[in-house]
Amino acid sequence: MLYLNEKEIHKALTMEEMIDAIDYCYSIYSTERFQMPTRSQVLDGVNTLLVMPAITTQAISTKLVTSFPKNLDYPSIQGLVILNCIETGRTKAILDGSCLTAIRTGAIGGSAIRHLAKKSAHAVAIIGTGLQGLYQAIAAVTVIKITDIYLYNRTNSKLKPFVTSLRNQINSDINIHLMESVEEAIINADIIITATSSITPVLPDNKSLLENKLIIGIGSFQPRMRELPEAAFHLSNQIIIDSDDAIKETGDLQIPLSNKWISENQIQTMSSHLTNNHSPNYSDNRSIIFKSTGMALFDNVAAVSIYEKALQKGVGQKLN
């Protein structure tokens with residue numbers, strides 16, 4: 001059995017390879033050759049334990065993850081991913097679930113940018129500068145030529161440590177801007193990424209600030225959570241989700257649907273979008289929304305990709 005910690009996961013797989021793995025995951029999703037029950041969520045106030053199993057033709061995976069949004073000294077998301085052999089059931093690997101989740105979630109955003117952003121896009125705004133926001137920024141600069149990154153966080157003290165971490169992993173020529181308001185952060189951005197656990201919208205309900213942009217909602221994964229304002233849905237030509245479960249799981253879709261700001265026939269999965277070779281539509285200054293809640297299939301494909309690369313490179317700790 002192989003154990004892979006954060007450092008070893010980074011050695012095993014690049015962000016670009018993880019984005020490729022996410023794209024491959026969408027192709028699996030379109031074939032329906034997998035088993036993936038809706039994730040189990042156990043709530044304790046604002047804290048959550050999630051259990052996310054999946055079976056593919058390659059492996060069995062189970063992710064145990066906790067979400068503690070009020071953590072100050074530790075990441076809000078922590079966990080483990082267990083990878084089992086599809087033929088014998090034996091445990092092949094245990095992976096740091098916090099790191100895997102952060103990288104694969106960053107790669108989900110990166111895949112959305114790869115397929116949905118305008119070719120002229122060069123500026124991204126990150127709203128929420130936690131671990132998820134960091135990997136969203138890294139993924140963004142991996143897939144397109146970003147010249148400017150605008151950052152906003154409700155807790156201002158988190159911005160400078162975030163910049164230090166980001167500078168260590170991206171091209172030094174990219175301009176990083178620390179903004180004092182969310183409005184300032186998004187006004188010049190082509191791509192807006194929200195990476196928070198907020199229960200109220202973190203973007204302004206102002207069409208003029210949201211039009212003609214790719215809006216990526218990454219943070220909310222429960223019906224009580226919502227990052228996106230009403231104006232974003234009235235602007236959107238295309239609403240694309242990572243899985244059908246997103247409709248049931250997040251307030252960012254349940255609330256707009258219940259209020260009839262959108263209808264279900266406006267919503268399309270990313271796997272359907274890619275299978276049908278649709279092009280992003282920004283006509284009449286409209287915007288595109290991509291909403292992710294994550295799914296166990298991502299963790300399965302990500303864990304298999306990391307494990308196989310780790311074996312090739314001799315990375316990881318063998319446990320008896």
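Analyst: Before any residue is discussed, one term needs fixing: buried means under 20% relative accessible area, exposed means over 50%, and partly exposed covers what lies in between. The model is predicted, and every label below is a reading of its computed values.

User: Why is Asp23 called buried?

Analyst: The relative accessibility of Asp23 is 17%, and the limit for a buried residue is under 20%, so Asp23 falls within the buried class.

User: What makes the pair of Arg114 and Asp23 a salt bridge?

Analyst: The closest N and O atoms of Arg114 and Asp23 are 2.7 Å apart; because the criterion asks for a side-chain nitrogen of Lys or Arg within 4 Å of a carboxyl oxygen of Asp or Glu, the pair qualifies. This salt bridge links distant parts of the chain, since Arg114 belongs to helix α3 (residues 97-116) and Asp23 to helix α2 (residues 15-31), 91 residues apart. In general, side chains of opposite charge can pair when their charged atoms come close.

User: Why does Arg114 count as partly exposed?

Analyst: Arg114 has a relative accessibility of 31%, and because partly exposed is the class between under 20% and over 50%, Arg114 is placed there.

User: How do you know that Arg39 and Glu249 form a salt bridge, and which parts of the chain does the pair tie together?

Analyst: The N to O distance between the side chains of Arg39 and Glu249 is 2.9 Å, and the cut-off is 4 Å, so the pair meets the criterion. Arg39 sits in the loop between α2 and β2 (40-44), whereas Glu249 sits in helix α9 (residues 245-249), so the salt bridge ties together parts that are 210 residues apart in sequence. Both partners are called buried because Arg39 has a relative accessible area of 12% and Glu249 one of 7%, set against a limit of under 20%.

User: What makes Lys248 and Asp245 a pair about one helical turn apart?

Analyst: The side chains of Lys248 and Asp245 meet in a salt bridge at 3.1 Å, N to O. Lys248 and Asp245 are three residues apart in helix α9, which means a separation of about one helical turn. Asp245 is buried at 14% relative accessibility. Elsewhere, salt bridges that share partners join Asp20, Asp23 and Arg114 into one network, and the structure holds seven salt bridges.

User: Why is Lys63 called buried, and what does the side chain of Lys63 contact?

Analyst: Lys63, in strand β4, has a relative accessible area of 2%, and because the buried class is under 20%, the label applies. The side chain of Lys63 makes a polar contact with the side chain of Thr101 at 2.9 Å, and that value lies inside the 3.5 Å cut-off for polar contacts. Residues that Lys63 touches include Leu50, Met52, Arg104 and Asp299.

User: What makes the phi of Glu32 and of Asn212 worth noting?

Analyst: Glu32 has a positive phi of about 65° although it is not a glycine, and Asn212 likewise has a positive phi of about 65° without being a glycine. Most residues other than glycine have a negative phi. Glu32 lies in the loop between α2 and β2, and Asn212 in the loop between α7 (207-210) and β11 (214-217). Glu32 is exposed because its relative accessible area of 63% is over 50%, while Asn212, at 24%, is partly exposed.

User: How many residues line the largest cavity in each class, and what is the volume of that cavity?

Analyst: The largest cavity has a volume of about 60 Å³, and the structure holds one cavity of 30 Å³ or more. Its lining divides into five nonpolar, three polar and three charged residues, and the lining residues include Arg39, Asp245 and Glu249; these count as charged because Asp, Glu, Lys and Arg make up that class.

User: Which element supplies the largest share of the lining of the largest pocket?

Analyst: The largest pocket has a volume of about 1300 Å³. It is lined by 49 residues, and those closest to its centre are Ser76, Gly130, Leu131, Lys158 and Ala195. Helix α3 supplies the largest share, five residues. By class, the lining holds 20 nonpolar, 22 polar and seven charged residues, and Gly130 is counted as polar because the class definition places Gly there.

Definitions and conventions
Residues numbered from 1 in each chain as written. Predicted model: local features only at pLDDT ≥ 70, side-chain atom pairs only at ≥ 80, totals over all residues. Heavy atoms only, no water. Helix = DSSP H or I, 4+ residues; strand = E, 2+ residues; numbered from the N terminus. Buried < 20%, exposed > 50% of the residue type's maximum accessible area, 1.4 Å probe, protein only. 1 Å grid on protein atoms, 1.4 Å probe; cavity = no way out; pocket = protein on both sides within 12 Å on 5 of 7 lines; lining within 4 Å. Points joined across faces, edges and corners; volume = space filled by probe spheres on them. Polar contact = N/O pair within 3.5 Å; in protein donor to acceptor, adjacent residues only side chain to side chain. Contact = heavy atoms within 4.5 Å. Lists of a residue's contacts leave out its neighbours within four places in sequence.
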